[in-house]
Amino acid sequence: MYIKEIKLKNFRNYDFEKIELSENTNIIFGDNAQGKTNILEAIFISSLGKSFRTNKEKELIKENEDKAIIEIKFLKNKREEKIKLEISDKKLFFINDIPLKKTSEIVGKINVVLFTPEDIEILRNEPLRRRKFLNIIISQLRPKYIHLMAEYNRTLEQKNSYLKQIKYENKSKEILEIWDEQLVNLGLKIYEYRKEFIEKINNKIKKIHLETTENKENIEIKYKSNINQENYKKKLKENQEIDIKKGYTSVGIHRDDFEIYINNKNISIYGSQGQQRSSIISLKLAEAEVVYDEIEEYPVILLDDFMSELDKKRINGFIKNINNNQVIITCTEKLTLDNMVYNLFKIENAKIEKIKK
Ligand SMILES: Nc1ncnc2c1ncn2[C@@H]1O[C@H](COP(=O)(O)OP(=O)(O)O)[C@@H](O)[C@H]1O
Ligand SMILES: [Mg+2]
């Protein structure tokens, strides 16, 4: 699939701007703080329903305005479609001018894989980032997963607030079982999806990573959950007293994590900077291949400020890996790619101009 055209109105620092993209590679270059990442953000929101850098919708609207509009024309299954998003005090989505009832209905229409300099944080201590990575890929491909997650989180919140009531108001413990049953029911489905997708990624990442490391590095992702099919309910029960004291639920899929191993060593702990960076690239490339296998459409690859970290040889090698995909690159220096067809855009203060190479 590919994006044909993006229109932005009062989005971030944009007044009104239209950009027509090539179905191959598009390079958008310009100084810092001109609006490069904002374009990728607009695409990402149209794909996942929310931003990768803020939860506050208001930040997306241009200062002193009250409504932002993103409109994207894209080609998928050889059909042209249009997604429109209006952001004011609420978010409204339209597909081909038909309003959607729920934000979640937008997810997966436009498929993207985003690379940003912050991706390296996937490997830092906080498991939240890793769960987010999993949630993003699974949500795009399994709409049901979004609903399961929402229901799980709602149930968890209710249970946690009841745990506090047991502690402070001496409420009965018996009713906890009802919530636990729901948590197990929903949680196991989520667990299965995560297991399935980690396996799918493992099936792809191995080959990708061997190729980029001259067959030296054997990479593997390991799913870490503090529950499984057999023990979920038992674990919740075992932790009941502790959870009442803490006021929250200490076991379950909301604590899930995964680890990346290279040659049987956990790279978060033992990997060099370079190994960590290249394994994240492999992880994202594997994500793109999993998307392709699932929907038989190549996802759009968004590379934010990405090239700043790679030398020219690596850039050309990397681009070859994704030459079936539409690629949108942002960078600060004018970038030239050998033997490649690409569009070049210069961006200055939220004005985009197509230029000759
Ligand atoms: N809601 C907003 N209203 C107006 N300007 C904004 C808003 N949000 C961000 N900006 C501006 O957008 C610019 C940053 O855009 P960004 O795309 O992140 O830059 P870069 O080109 O470095 O990727 C900054 O100048 C920032 O002040
Ligand atoms: Mg940027």
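## Ground rules and a first loop

Helices here are DSSP runs of H or I with at least four residues, strands are runs of E with at least two, and both are numbered from the N terminus. With that in hand, K78 can be placed in the loop between β4 (68–76) and β5 (79–87). Keep in mind throughout that this is a predicted model.

K78 is exposed, because just 6 other C-beta atoms lie within 10 Å and a residue with 12 or fewer gets that label. Its C-alpha atom is separated from that of M1 by 8.1 Å, with the two positions 77 residues apart along the chain.

## The chain as a whole

Counting up the secondary structure of the protein chain gives nine helices and 15 strands. The C-alpha trace spans about 70 × 55 × 35 Å along its principal axes. How does the radius of gyration fit a compact globule? For 357 residues such a globule would have a value near 21 Å, and the protein chain comes out at 22 Å, so the two agree.

As for burial, 36% of the 357 residues of the protein chain count as buried. Looking at contacts with a separation of 6 or more, 71% are between residues 24 or more positions apart.

## Two domains

The domain assignment splits the protein chain into domain 1, made of 1–111 + 297–357, and domain 2, covering 123–295. Domain 1 is thus written in two pieces, with the range of domain 2 falling between them in the numbering. Taken over C-alpha atoms, the centres of domain 1 and domain 2 are 29 Å apart.

Where the domains meet, 13 residues of domain 1 are in contact with 12 residues of domain 2. What sort of residues does domain 1 put on the side that touches domain 2? That side has six nonpolar residues, five polar and two charged.

## Around ligand 1

Ligand 1 has 14 residues around it, and the closest are N13, A33, K36, T37 and N38. By type, the shell around ligand 1 breaks down into seven polar, five charged and two nonpolar residues.

K36, T37 and N38 also sit in a helix, since α1 runs over residues 36–48. Those 13 residues should span 18 Å at 1.5 Å a residue, and the end C-alpha atoms of α1 are 19 Å apart, so the helix agrees with the expectation. Is α1 covered or exposed? It is mostly covered, with 13 of its 13 residues buried. Straight after α1 comes G49, whose phi is positive, near 85 degrees.

## Helices α8 and α3

Helix α8 takes up residues 273–295. Its 23 residues should span 33 Å at 1.5 Å a residue, and with end C-alpha atoms 34 Å apart α8 agrees with that. E296 follows just after α8 and takes a positive phi of about 55 degrees. E296 belongs to the loop between α8 and β12 (300–304). It counts as exposed because it has 9 C-beta neighbours inside 10 Å.

Helix α3 (residues 143–169) holds S161. S161 is exposed as well, on the grounds of 11 other C-beta atoms within 10 Å. From S161 to K144, 17 residues away along the chain, the C-alpha atoms are separated by 26 Å.

## Positive phi away from glycine

Most residues other than glycine have a negative phi. N96 goes the other way, with a phi near 45 degrees. Where is N96 found? It lies in the loop between β6 (91–95) and β7 (98–99). With 10 other C-beta atoms within 10 Å, N96 is exposed. E296, already met after α8, is likewise a residue other than glycine with a positive phi.

## Towards the C-terminal end

N349 sits in the loop between β14 (342–348) and β15 (351–355). It counts as exposed, with 11 C-beta neighbours inside 10 Å. N349 and L186 are 163 residues apart along the chain, and their C-alpha atoms are separated by 47 Å.

K357 belongs to the segment after β15. Here 9 other C-beta atoms lie within 10 Å, so K357 is exposed. Its C-alpha atom and that of T336, 21 residues away along the chain, are separated by 8.0 Å.

Note on methods: Residues numbered from 1 in each chain as written. Chains lettered and ligands numbered in written order. Predicted model: local features only at pLDDT ≥ 70, side-chain atom pairs only at ≥ 80, totals over all residues. Near = placed C-beta within 6 Å. Nonpolar A, V, L, I, M, F, W, Y, C, P; charged D, E, K, R; others polar. Rg over C-alpha atoms; globule rule 2.2 N^0.38 Å. Buried ≥ 20, exposed ≤ 12 C-beta atoms within 10 Å, placed from the backbone. Contact = placed C-beta atoms within 7 Å. Domains from an automatic or database assignment. Expected span 1.5 Å × (residues − 1).
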